[in-house]
Structures are given as C-alpha cells and as structure tokens.
Amino acid sequence: MITRGAVVSGIGRVPRGPGSADVRVAAMAARGALADAGLTGGAVDGLVTCGLPDVVDVADALGLELAWRTAESDRLGVLAAVSAAVSAVISGLATHVLCIEACDPPSPPRVAARRFAGRPSVSGWAQWHAPYGAGTELVTTALAARSYIEAFGLSRVELAQIALTAARNGGRGLGLREYLDAPMLADPLCEYDRALPAGGATAVLISPGDLAEDLPGPAVAVEAVAAARNVSPLWEQRADLTGMAIHDAGERLWEGTELVPENVDVALFEDEFSFLALMWLEALGFCAPGTAGAFVAGGQRISRAGTLPLNPHGGQLGLGRSAALELVAEAVSQLRGESTAQLDGPPEVAVVGIGGATVAGCMLLVR
C-alpha cells in the first residue's frame, strides 16, 4: 500500500474499436498522455507496460531514455504496475513514468472443442482445471459467483443490476426480462454478465506531487494505491472461496489514508464480468460481506444520480472491454470535470478497482 506523493499528470486514450495491442497504438496513447501533461518524451525517464506490447518495443517506438522500467504480464494486474510506477516516483528512481496498456481487438468466435478432443497433455496446475473446462477467466469467475450465491443467497435479479446500469450508462437499452432470458455462458453468468472485447489503448503519466503546480495541465493526486496477489495462483486454494485478491487489495487500500468509503463520490470498477463489480463493493467497504446484492437492489445507489455512481461512462460491460487502465483515465476525467459522461458537479474523490480472483489492485484519486 502506497500513500500520497504522486499525481496523475496526463492521460491518453485511443478509442475503442481501432485499438489493438500493436506498439504503434500504444505509442499513440502515450503521446496523448504527454500532450495532456504538457510534456515531451524527453521528460519521461520511467516506463511501465501491462500485458502487450513489450516494454522495450514501446521505449524504442517513443525514443525514450529510461532510468527505470518494468512490465506486468497479467492484464488484471495493471494497478500493480501503476503502484510500481508510483513507488518509483516517490522514491526518486524516476521523475515522470508512463504507464501503458493496450488491449487486443475482438477475435473471431471460436467453437468450443469436445472435451479432450485432440488436446495435448497438460501438466502443473492446469491438469486440475482442464478436465472441467475451468481454464478460463469466465469459468473461474462463475465458480466464485456460484460459491458466493451458495453462501449468501445472491439472486439473479440483484446481479442483473450491474449489467442493467452499465447498459444504461453506455447508451443502450437492456431490460430485466431480456437479461433473465439470456443464454447462460457459465452458470450463474449469462451473456450480459460478460463484456465483449473492443480493443483500445490507454496511457497514464505519473509524476511527483511537488511538481504538480509546474505542470500546465490539471493534475489529480494519488491518495493511495494498493495491490495484492494470492499466495497461490489458484483461486480454489483459498480457505474462503467467497474471497478474492480483490478483497485483499481492498482491505489494504484504507490503511494509509484518512479517507473512508463514505468520502468516495464515484467508483470505477472492473466489470469484465458483472460479479467482479459486486465484489469490489464489498472489498472496499461500501457494504458488508454478503450484502452486495442488497446494496445494488433496484439499481438506485449505483446509478448516475445515486450515492455511489458506478462506471458512469458505461464501463466494460456497457462499452466493451478495452484496456483496464482506461478506468483510471476515466476517473481522472471525472475529477477534472472533463468526461464525456460527466456527473453533475465534478466529484472530489474517485476509487478505481481492477482485477479478479488471483490478482487485483485499487487506488484512490483526489481532485
């Protein structure tokens, strides 16, 4: 867990649709962040990439001379990468650190193969998952959701509120009956509980807090950032199957700040799967364990006019899965009062949560 000392000085986004994990698209987002901060590439001496593209390729494409660099291979660990960037800035290892993530565009639909048909042998932890088709994030999240339902009684009508809110905020219609009648992907998650990939790239520039006044653009303070990984990469090895790395990160976030959940004005949560957004609500203390369904019942609390607006721009469920770092960029836009989906009156405090069962991170941003 890291506390104040850094700011987000610039953001750059390549819109959903044309984006991909190509280094050229990542470089476009990076140049956008630099322009937003009023800086040039010569000021950047730190670089973080998450997933694709490779950190060396990005540095070469941008012509950066780096004092510090790192990479995160797990796209759900993007805030772990950002926390490393914040640490580098606070410790003086680097001054201006670019954090870049690019997301592949939609892939052609694949027909699921018959179990074990033509499948090579598997070893390691995969041998315990492959026989059950549990080697995907969809199935892992569905298993976690089913465990939660068995423990706490979450209803599909309650779970639906995440998807319905996302669709409404994203500018498309989705009714409860349509949701309930939708085909199941992996019980209890239906086709509206999963975000479809859309592609895109996002860059966030992290700078020292004491330089914020010298920057031409509006900076947003990083109040706190925390990241967590399970000791085991296997979610099912947890003692409590209703818990995730999300809960570990959420608990740590509040350790180094005087802010409390009631201070948060807007939430930007990972919602590649609707159930993950519910878990972030509990993990960050907005509701007690086992009560997330009741918290979102009816959808009023998490609506744009509610006490805790959730992904007011539509999030991944409403707009398609782009780079997860886009949630940080949207939080910054909201705090600046510059979002295309701006809430009434710029919020003062935003929380971002990204991740799932085995790796997760969260951060508090303050205007």
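Which residue stands opposite C362 in β11? A226 does. The legends below describe close-up views of a predicted model.

**View 1. Strand β11 and its partner β8.** β8 (220-229) and β11 (359-366) pair in the antiparallel sense, with 8 bridges between them. In this pairing, A226 faces C362 of β11. C362 belongs to one side of β11, together with A360, L364 and V366. V359, G361, M363 and L365 lie on the other side, and the residues of both faces are buried. The strand is thus mostly covered, with 8 of its 8 residues buried.

**View 2. The hairpin of β10 and β11.** β10 (349-355) is another strand beside β11 (359-366). The two run antiparallel and are joined by 7 bridges. They form a hairpin, and 3 residues lie between them. Within this pairing, A350 stands opposite L365 of β11. L365 is on the side of β11 that also holds V359, G361 and M363.

**View 3. Helix α8 and what covers it.** Helix α8 comprises residues 245-253. Its buried residues are A245, I246, H247, A249, G250 and L253. The elements that cover these buried residues include the strands β8, β10 and β11. Helix α9 (274-283) is also among them.

**View 4. The surroundings of E101.** E101 is found in strand β4, which covers residues 97-103. Its relative accessibility is 3%, so E101 counts as buried, the limit being under 20%. A polar atom of the E101 side chain lies 2.7 Å from the backbone nitrogen of L325. L325 is also one of the residues that E101 touches, when those up to four places away in sequence are not counted. The others in this set are C50, L52, R75, V78, G200, A201, T202, A323 and A324.

**View 5. Helix α3.** V78, one of the residues touched by E101, is part of helix α3 (residues 78-91). The helix has 14 residues and, at 1.5 Å a residue, should span 20 Å. Its end C-alpha atoms are 20 Å apart, so the model agrees with the expected span. α3 is mostly covered, as 10 of its 14 residues are buried. The buried residues are V78, L79, A80, A81, V82, S83, A85, V86, A88 and V89. After the helix comes G92, which has a positive phi near 90 degrees.

Definitions and conventions
Residues numbered from 1 in each chain as written. Predicted model: local features only at pLDDT ≥ 70, side-chain atom pairs only at ≥ 80, totals over all residues. Heavy atoms only, no water. Buried < 20%, exposed > 50% of the residue type's maximum accessible area, 1.4 Å probe, protein only. Helix = DSSP H or I, 4+ residues; strand = E, 2+ residues; numbered from the N terminus. Contact = heavy atoms within 4.5 Å. Polar contact = N/O pair within 3.5 Å; in protein donor to acceptor, adjacent residues only side chain to side chain. Pairing = 2+ DSSP bridges. Expected span 1.5 Å × (residues − 1).
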